Amino acid sequence: MSSLVSPDADLATLARVVGLVRSNIERVIEGKPDVVNAAIVVLLAEGHLLIEDVPGVGKTQLAKALARSIDSTVRRIQFTPDLLPSDVTGVSVFNQDTREFEFRPGGVFANIVVGDEINRASPKTQSALLECMEERQVTVDNTTYSLDKPFMVIATQNPIEMEGTYALPEAQRDRFMARVSVGYPVEAAEIAMLDAHTTTNPLDDLEPVTDAGEIRKLTEIVGEVHVSPPVQRYAVALTTATRTSTALHLGASPRATLHLVRAAKAVAAMQGRDFVLPDDLHSLARPVLAHRLLPSVESAMSGRSTGAILDSIVAGVPIPDAGRA
């Protein structure tokens with residue numbers, strides 16, 4: 001980040017762009033400010049977003065609205081049982097004219113990749129996303145291809161109880177920075193949707209309000225947000241508590257700790273601060289950690305949800321009195 005630009009000016013720029021993107025998305029997704037905010041946080045924190053909910057509540061609409069708000073390359077992959085890993089990553093094809101193999105990029109070669117109904121594809125195909133989500137690269141036939149920044153996967157999935165779905169492997173879930181649920185709209189928002197969506201599709205009129213270059217600058221601003229040692233220790237304490245809890249079979253990984261801090265830095269920047277507060281971490285615990293955890297057999301048999309278990313764990317971790325220092 002350039003030293004010629006003050007931190008306040010950077011944060012003002014970030015607030016302006018975030019406001020434009022938020023307003024754009026809310027033209028399509030009405031009455032869900034928390035969900036829209038979470039999507040923008042993940043974008044600025046250079047993470048990936050998993051949107052899980054029942055069919056028909058606007059999961060794909062949210063993903064498309066975010067993608068169309070940014071003037072960048074966008075690809076949509078419809079995950080189906082017959083989708084192959086090479087459809088996702090790309091494949092080398094022999095060219096009869098040149099007598100050489102040529103690489104044909106797959107669906108992940110874009111700034112924003114919308115993976116629709118990701119858990120309808122087989123685990124083998126799902127795993128094709130592992131390398132690109134973690135390392136921002138794709139390896140095909142011993143050749144590695146880098147992916148341009150920003151790179152964000154926005155995946156939608158139906159609950160695993162739905163027919164024809166495969167549960168995402170733990171390694172796949174752990175690569176998503178956050179999981180959100182859209183939920184059903186309130187009555188007023190649903191009535192407003194009938195007025196706005198029955199004659200035209202708001203997505204058709206959505207114009208980009210920023211571009212990939214500006215998003216790259218905003219992620220650099222987020223990266224400069226300060227995290228004090230007490231706040232760092234609090235982040236580690238939260239994830240450590242999930243690993244030692246008898247109510248959980250699988251706790252949060254070190255990657256989860258990193259994602260929690262990066263998301264907190266984005267939240268702080270969006271609120272006009274150049275430092276992270278413990279409350280930022282506390283508020284992000286559910287969306288960032290819950291989807292990575294597995295309840296113990298006893299917890300599952302007693303009917304306790306993973307979210308409820310996490311809430312009790314987080315409540316038991318002392319919150320430090322920390323700020324900019």
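Which residue forms a salt bridge with Glu117? That would be Arg120, with the closest N and O atoms 3.2 Å apart. Keep in mind that this is a predicted model, so treat the details below as computed from it.

**Backbone oddities**

Glu117 is worth a second look for its backbone too. Glu117 sits in the loop between β6 (112-116) and α5 (123-126), and its phi is positive, about 55°, although it is not a glycine. With a relative accessible area of 21%, Glu117 counts as partly exposed.

Asn142 is another non-glycine residue with a positive phi, here about 65°. You'll find Asn142 in the loop between β7 (137-140) and β8, and it is exposed, with a relative accessible area of 79%.

Staying with loops, the peptide bond from Lys149 to Pro150 is cis, with omega near -5°. Pro150 belongs to the loop between β8 (143-146) and β9 (152-157).

Then there is Asp97, in the loop between β4 (90-95) and β5 (100-105). Asp97 is exposed, at 74% relative accessible area. Its C-alpha atom is separated by 48 Å from that of Val41, and the two residues are 56 apart along the chain.

**Salt bridges**

The count of salt bridges comes to nine. Here are three of the pairs.

| Pair | Closest N and O atoms |
|---|---|
| Glu117 and Arg120 | 3.2 Å |
| Glu52 and Arg179 | 4.0 Å |
| Asp280 and Arg273 | 2.9 Å |

Take the Glu52 and Arg179 pair. Glu52 lies in strand β1 (residues 49-52) and Arg179 in strand β10 (residues 178-180), so this salt bridge ties together parts that are 127 residues apart in sequence. Arg179 is partly exposed, at 27% relative accessibility. By contrast, both Asp280 and Arg273 are buried.

Some charged residues join up in a bigger arrangement: Glu134, Asp174, Arg255 and Arg292 are linked in a network of salt bridges.

**A buried arginine without a partner**

What about Arg173, in helix α7 (residues 170-173)? Arg173 is buried yet has no salt bridge. The nearest side chain of opposite charge belongs to Glu170, and it is 4.3 Å away. A salt bridge needs the nitrogen and the carboxyl oxygen within 4 Å, so a pair beyond that cut-off isn't counted. The side chain of Arg173 does reach the backbone oxygen of His291, at 2.7 Å. His291 also turns up among the residues that Arg173 touches, along with Leu168 and Leu294, leaving aside residues up to four places away in sequence.

**Cores and buried faces**

Now for the nonpolar interior. The largest nonpolar core has 74 residues, and those with the most contacts inside it are Leu14, Ile25, Leu44, Leu49 and Leu281. Helix α11 supplies the largest share of this core, ten residues. Apart from this core lies another one of 22 residues, among them Leu50, Leu83, Val153 and Phe176.

Leu49 gives a feel for the packing. Not counting residues up to four places away in sequence, Leu49 touches Ala39, Val42, Met152, Val153, Ile154, Ala155, Phe176, Ala178 and Val180. Val153 and Phe176, from that list of contacts, are also members of the 22-residue core.

Helix α11 (residues 254-270) also holds Thr257. Thr257 is buried, with a relative accessible area of 12%. Setting aside residues up to four places away in sequence, Thr257 touches Ala235, Val236, Thr239 and Arg243.

Which residues of helix α14 (residues 306-315) are buried? They are Thr306, Gly307, Ile309, Leu310, Ile313 and Val314. These residues cover an arc of only 160° around the axis, which puts them on the same side of α14. As for what lies over them, the cover includes α10 (229-244), β12 (248-250), α12 (278-289), β13 (294-295) and α13 (297-302).

Conventions:
Residues numbered from 1 in each chain as written. Predicted model: local features only at pLDDT ≥ 70, side-chain atom pairs only at ≥ 80, totals over all residues. Heavy atoms only, no water. Buried < 20%, exposed > 50% of the residue type's maximum accessible area, 1.4 Å probe, protein only. Helix = DSSP H or I, 4+ residues; strand = E, 2+ residues; numbered from the N terminus. Arc of directions from axis to C-beta. Contact = heavy atoms within 4.5 Å. Lys, Arg positive; Asp, Glu negative; His and termini not counted. Polar contact = N/O pair within 3.5 Å; in protein donor to acceptor, adjacent residues only side chain to side chain. Core = buried A, V, L, I, M, F, W, Y, C linked by side-chain atoms within 4.5 Å.
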